[in-house]
Structure formats: structure tokens, C-alpha cells
Amino acid sequence: MSQRWSRKKSRLPLAGLLFVLALAVTFMVLYNERSIQQIHLHHNTNREQDLREASTFTSFVHPNLPPRNNLEVLDRFSRCNSTNEYSGKKIGWGDHMSGQGSDFVAAAKEEICDVFSGKWVFDNSSSSYPLHKESECPYMSDQLACQKHGRPDLDYQHWRWQPHPPCNLKRWNVTEMWEMLRGKRLMFVGDSLNRGQWISMVCLLQSVIPRDKQSMSPNAHLTIFRAEDYNATVEFLWAPLLVESNSDDPVNHRLDERIIRPDSVLKHASKWQHADILIFNTYLWWRQGPVKIQWSSEEKGSCEEVNGAEGMEMAMNAWAHWVSNNVDPNTKRVFFVTMSPTHQWSREWNPGSEGNCYGEKKPIEEETYWGSGSDIPTVRMVERVLRGLGPKVSVINITQLSEYRKDGHPSVYRKFWEPLNDDRLKNPASYSDCIHWCVPGVPDVWNQLLFHFL
């Protein structure tokens, strides 16, 4: 009897323990499920609050405010009296601050033809390419006149951009272009690459205008080609960083210290705001190292320092704020030209070589080619900014099609503004310009794309 009781007694604590464990596990599962539900419920019902709380970690600056009376205008004589650690402030504008997108992506998907995807086709028929002759354009730049400066091969002038079937690029028609420009101001705004596209456009257009009915203003911050019979102008505004900077002199801008006002485009916008068609670019100058920033609200000479990518994002957002608030797409057309690639390292398209664009005579045929001259994170940043602007901006995506044209740069066949020493002259590749483009050449196709979308 005592043994039976003893055996029963030994089983009761075990059963009780199992029962308690089962209850505990059940409770934990139910508790965790409820906690997860509460987390999701909190996330869904308080998302806006969460975003507001998250934004407290970043200070947003409202750009393009009217300047203070005592605010120094940045020029090539401006200096930083002190440089502080970057405060982390960002440029906030419109829906950009709340992370809302637009219909930009959806609209792009509806586009049946992608004229930016294709290949270069050699076309040496006299009636087609080049679209104009270098020697017949009185406004040609010595920086881009490769034939004049001794380039022996002229095949670079005869490559035609052919989008993949069933797409076709609209054939250039100079008379039709002038009719679209009648009574209007067409303005290119940006750096020397955008100036090259402007020179290409002027050379494409000037041939049908009588000499006594056309004029060109002297080279300045804003340079203007006028066609009297069409009451039209084709202009170029030097603004390499879009925002105000100490590099806004079109001639004297080689400075040791690059300073920008990241929250204001108003200095340049005062000149571009009345144009009917605007073509913007910026990229290359942001790849030259860190930049100093002077906020409009800070004391004179007080700077912070950021890397080029951060500076470009600030400038793009300040520019986007202006576009968002000042552009009616029914009355003003705005285009943004994507980054123009460089070809500094031949090993990227010819493994094992140690040259650059010097001596290159044919385009790259590999359609997936992407060199280091085009920065992917920058591409993504620009996409985000432009997406927020929706139909206010049209994109001229020159990057991939220009990546193929390692043969299209001036290389050594251009005027250099500084005398070349003997060591360089003995090694031509050492001073090759693999950044800008020969004209006639690649920039003519950029303008043909502009004509296509106009």
C-alpha cells in the first residue's frame, strides 16, 4: 500500500510540471502574437507620427529663401574663415520631405519606345552624317574642334544613334526646330559639357539664318545667340554646380577651395526663370573632391565640408525646389541631361591595357558596358529627385549611349589653354581630354534627342 502510494505521488509532480509548462508556452505564444499584432497596429496607425519622429534626427533646411541684406555674394575671392564639422542638415522641398513619389515611374513605363537604348551605326552618306560641318560654324569652340586641331580620322563624325526596333529617333529638321523656337528662349544651364551641347545646337541651327540676321553676344555668364527672323534666342548660362558658388565666373573658376551655397539657386534662377525651354546638367564638378558649404543662415565665412556626392544631392534638391514651385509644364519645358561619362581608363573596355581615350577610333559594342566615369549611386540619387518632380521635368538620358563612345573625345586634338611641356608632348596620352566631346559628334545626338522630345 505504501509502495502504490509512493508511485502515485511521484507521478503527480511530473504531470503538474508538464501542465504548468504547457500553460507557460501557450501564454508566451499568445503574448508574442499579441505583441506582434500591436507592433503592426502601431506601425500602421502611427506611421505618420513615426516619420515625424524620425525626421527629428535630420534638420531640414527650406531652400531658396530671399537673401538677407547682408548676405555675401559668393565669387572667386570668397574664402572660408573657419570650417566646422558637417551639421547633417539636408535640403527639404515639397513631397521630398515626406518620401512621397509621383507618377514619373508610371509614366515612363507607359512609354512604348525607349530611344535611349540602342546602338551606334556607322553612316557616312553625305546627306546624313555629320548633321553639320565643323568648318562652316563660326561659333565653334577651339576646345571641341578636333578636325581643326589635327585629328587625322574623321569617323567619329559619322556614327548615328539607332534605337532598338521598333523605335526610331526623329530625323533632325532644322526648319522644324526653328519653328518650335519661334518667339522663344531656349537656354542651356550648367557646366562645360552643357556648353558643348549648346555650341552643337548653335552650329546645327545657324546655317539657315542669314549672316546679317544672326548675332552672338560676347562670352559671359550668359551668352546669347539671336536669330532675328524667328525672334528667338539659344542661350548658355554658366552654372556648373546649379547652386550659387565661388566658381560662377565663366573664365576664372580654377580654385583650390570650392565653396557652394547649397540652399539657393536664386542667383542663377534670376537669369533662367524667363526662358521658355530649359536644359540643365550637373555632375562632373562634384567628382573633384570635397566641397565647402556656406548656409544662407550662417555668418559670413563660416563653412562646413561635405563630399562631392552629398554636395550634389543638396544642389539637386535646391534646384528641384525651384522647379517644383516655378514651373508650369503647360507653358515652360524643362529637361535634365543625365551624366556625361568619361573614358580615362582603357583597361575598362580593353583589359590589360594602360591607356585612355587617346587613339580610340570605334565605339564600344558591348551593350551592358558601364565604366567608372558614370557613378551608379549618383544615378540613383538623380532618379529619386527627378521622380519627385513628375511631369515638370523631362529626362534626356545620354549616359549609356555616350558610354559606348570612347572614340568621341577630343583627346589631344583641341586647343589647350596652358602650354604643354616636352614630357607631355612626348606622351600624348598623358594630356588627353577624355571628358569633353568633339563637335560634330556625340553632342549632336544629344540635341537630336532633345528635338525628338520637343
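**Cysteines, a helix and a histidine**

Biologist: Let's start with one cysteine: is Cys-167 buried or exposed?

Modeller: This is a predicted model, so please read each value as computed from it. The relative accessibility of Cys-167 is 6%. Buried means under 20%, so Cys-167 counts as buried.

Biologist: And how does Cys-113 count, at 23% relative accessibility?

Modeller: The cut-off for buried is under 20%, while exposed needs over 50%. With its 23%, Cys-113 falls between those two limits. That is why Cys-113 counts as partly exposed.

Biologist: How many disulfides are there by the distance rule?

Modeller: The rule asks for two cysteine sulfur atoms within 2.5 Å. One pair that meets it is Cys-80 and Cys-303, whose sulfur atoms are 2.0 Å apart. Counted this way, the number of disulfides is 4.

Biologist: How many residues apart in sequence are the parts tied together by Cys-80 and Cys-303?

Modeller: Both of these cysteines are buried, and with -85° about the S-S bond their link is left-handed. Cys-80 and Cys-303 form a disulfide. Cys-80 sits in the loop between β1 (60–61) and β2 (82–84), and Cys-303 belongs to strand β14 (residues 302–306), so the separation in sequence is 223 residues.

Biologist: What is the handedness of the disulfide of Cys-137 and Cys-203?

Modeller: These two are joined with an S to S distance of 2.1 Å. The pair links distant parts of the chain, with Cys-137 in the loop between β4 (118–122) and β5 (159–163) and Cys-203 in helix α5. The torsion about their S-S bond is about -80°, so the disulfide of Cys-137 and Cys-203 is left-handed.

Biologist: Which loop holds Cys-438, the partner of Cys-146?

Modeller: A disulfide joins Cys-146 to Cys-438, with 2.1 Å from S to S. Cys-146 lies in the loop between β4 and β5, and the pair ties together parts that are 292 residues apart in sequence. The place of Cys-438 is the loop between α10 (422–426) and α11.

Biologist: What pattern do the disulfides of the chain follow?

Modeller: To read it, count the bonded cysteines along the chain. The pattern is then 1-5, 2-4, 3-8, 6-7.

Biologist: Now for helix α4: why are its buried residues on the same side?

Modeller: The buried residues in α4 (residues 174–181) are Val-174, Met-177, Trp-178 and Leu-181. An α-helix has 3.6 residues a turn, so residues three or four places apart point the same way. The buried residues of α4 lie on the same side because they cover an arc of only 100° around the axis.

Biologist: What do the buried residues of α4 pack against?

Modeller: The partners include strands as well as helices. Named in full, they are β6 (185–190), α5 (192–206), β8 (222–227), β9 (232–238), β12 (277–280) and α11 (442–453).

Biologist: Which residue's backbone nitrogen does a side-chain oxygen of Asn-173 reach to?

Modeller: Asn-173 is found at the start of α4. Its side-chain oxygen comes to within 3.1 Å of the backbone nitrogen of Thr-175.

Biologist: Last one: with which side chain does the side chain of His-321 make a polar contact?

Modeller: His-321 lies in helix α7 (residues 308–326) and is buried, with a relative accessible area of 9%. Leaving aside neighbours within four places in sequence, His-321 is in contact with His-62, Pro-63, Asn-64 and Trp-93. The polar contact, at 3.0 Å, is with the side chain of Asn-64.

Technical notes
Residues numbered from 1 in each chain as written. Predicted model: local features only at pLDDT ≥ 70, side-chain atom pairs only at ≥ 80, totals over all residues. Heavy atoms only, no water. Buried < 20%, exposed > 50% of the residue type's maximum accessible area, 1.4 Å probe, protein only. Helix = DSSP H or I, 4+ residues; strand = E, 2+ residues; numbered from the N terminus. Arc of directions from axis to C-beta. Contact = heavy atoms within 4.5 Å. Polar contact = N/O pair within 3.5 Å; in protein donor to acceptor, adjacent residues only side chain to side chain.
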